[in-house]
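Hi everyone, thanks for making time. I'd like to walk you through a few spots that caught my eye, so have a look at this with me.

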Amino acid sequence: MWGGLLIKQLANLITSTRFLLAAGMVLTAPFSAAFWACYLGGGVSDLLDGPIARRLNIQSTAGAKLDSAADLAFAAAISVAAVRNIPFAIWIWVCAACIAAVRFAGYSVGFAKYRTFSALHTYANKATGALIFASPLLYAALGLTVSGIVLCAAALFSSVEELVITVSAPTLNRDCKGIYQMKHHGEAKI
């Protein structure tokens with residue numbers, strides 16, 4: 001009995017570890033071994049939860065919501081670590097505020113329209129998540145200005161795309177891969 005229950009919840013358990021690892025990133029010394037262990041563990045959990053859910057055929061709406069919430073928590077933890085330790089230029093703060101406003105607008109429209117948290121798993125959102133995860137490497141390799149431009153551009157594009165999809169789509173499709181998919185599948189005319 002317990003084995004069957006564990007298998008049914010395995011992907012959600014893996015996803016849930018991202019909340020704990022995000023908290024660990026915030027509570028440990030910045031860029032210490034413990035920080036990097038939490039950081040890498042969160043990345044691994046994000047890479048594993050979806051494929052495991054699909055492989056075991058245990059995907060669920062609740063799991064998709066949990067994954068989006070865990071992604072937000074993990075991105076917030078990375079942001080907290082960065083804000084505490086990197087002196088950002090004012091233009092990055094302005095970009096971040098604009099991106100946050102667009103994200104908030106998208107989630108607000110989604111909640112008003114669908115009565116649920118409506119984060120989408122678009123390719124642009126996945127690419128932005130990957131860039132956020134890689135941000136320490138980008139910062140080390142490219143410096144603050146170039147990595148800031150790359151991250152801000154990707155995050156703004158994905159935020160605007162998600163807002164447009166949420167406003168335009170008659171029904172919530174968390175697995176919509178992008179605006180182009182909507183045009184080809186007749187979900188909405190943009």
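Let's start with Val-83, which sits in helix 3, residues 61–85. Keep in mind that this is a predicted model. So, is Val-83 buried or exposed? Neither, really: Val-83 is partly exposed, with a relative accessible area of 43%. A residue needs over 30% to join a surface patch, so Val-83, at 43%, clears that cut-off. Its partners in a nonpolar patch of about 590 Å² are Ile-90, Trp-91, Trp-93, Val-94 and Ile-149. Helix 4, residues 90–114, gives the largest share of that patch, with four residues.

Okay, on to Arg-174. You'll find Arg-174 in the loop between helix 6 (135–168) and helix 7 (179–185). Here's a fun one: how far away is the nearest side chain of opposite charge? That's Asp-175, at 7.8 Å, and Arg-174 is buried yet has no salt bridge. A salt bridge has to be within 4 Å, so 7.8 Å doesn't qualify. What the Arg-174 side chain does have is a polar contact with the side chain of Thr-116, at 3.5 Å. Leaving aside neighbours within four places in sequence, Arg-174 also touches other residues, including Thr-61, Ala-64, Lys-65 and His-121.

Last stop: two loops. Phe-31, between helix 1 (2–27) and helix 2 (33–55), has a positive phi of about 60° although it is not a glycine. Phe-31 is partly exposed, at 35%. Asn-57, in the loop between helix 2 and helix 3, has a positive phi too, near 55°. With 63% relative accessibility, Asn-57 counts as exposed.

Definitions and conventions
Residues are numbered from 1 along each chain as its sequence is written. This is a predicted model: local features need pLDDT of at least 70, side-chain atom pairs count only at pLDDT 80 or more; totals for chains, interfaces and linings use all residues. Side-chain values use heavy atoms; hydrogens and water are left out. Buried means under 20% relative accessible area, exposed over 50%, partly exposed in between (1.4 Å probe, protein chains only). Lys and Arg count as positive and Asp and Glu as negative; His and the chain ends are not counted. A polar contact is a pair of N or O atoms within 3.5 Å; within protein, one must be able to donate a hydrogen and the other to accept it, and residues adjacent in sequence count only if both atoms are side-chain atoms. Contact means heavy atoms within 4.5 Å. Patches are made of residues with over 30% relative accessible area and no salt bridge: like charges are joined within 9 Å, nonpolar side chains (Val, Leu, Ile, Met, Phe, Trp, Tyr) within 5 Å. Accessible areas come from the Shrake-Rupley method with a 1.4 Å probe; for residues, only the protein chains shown count as cover.
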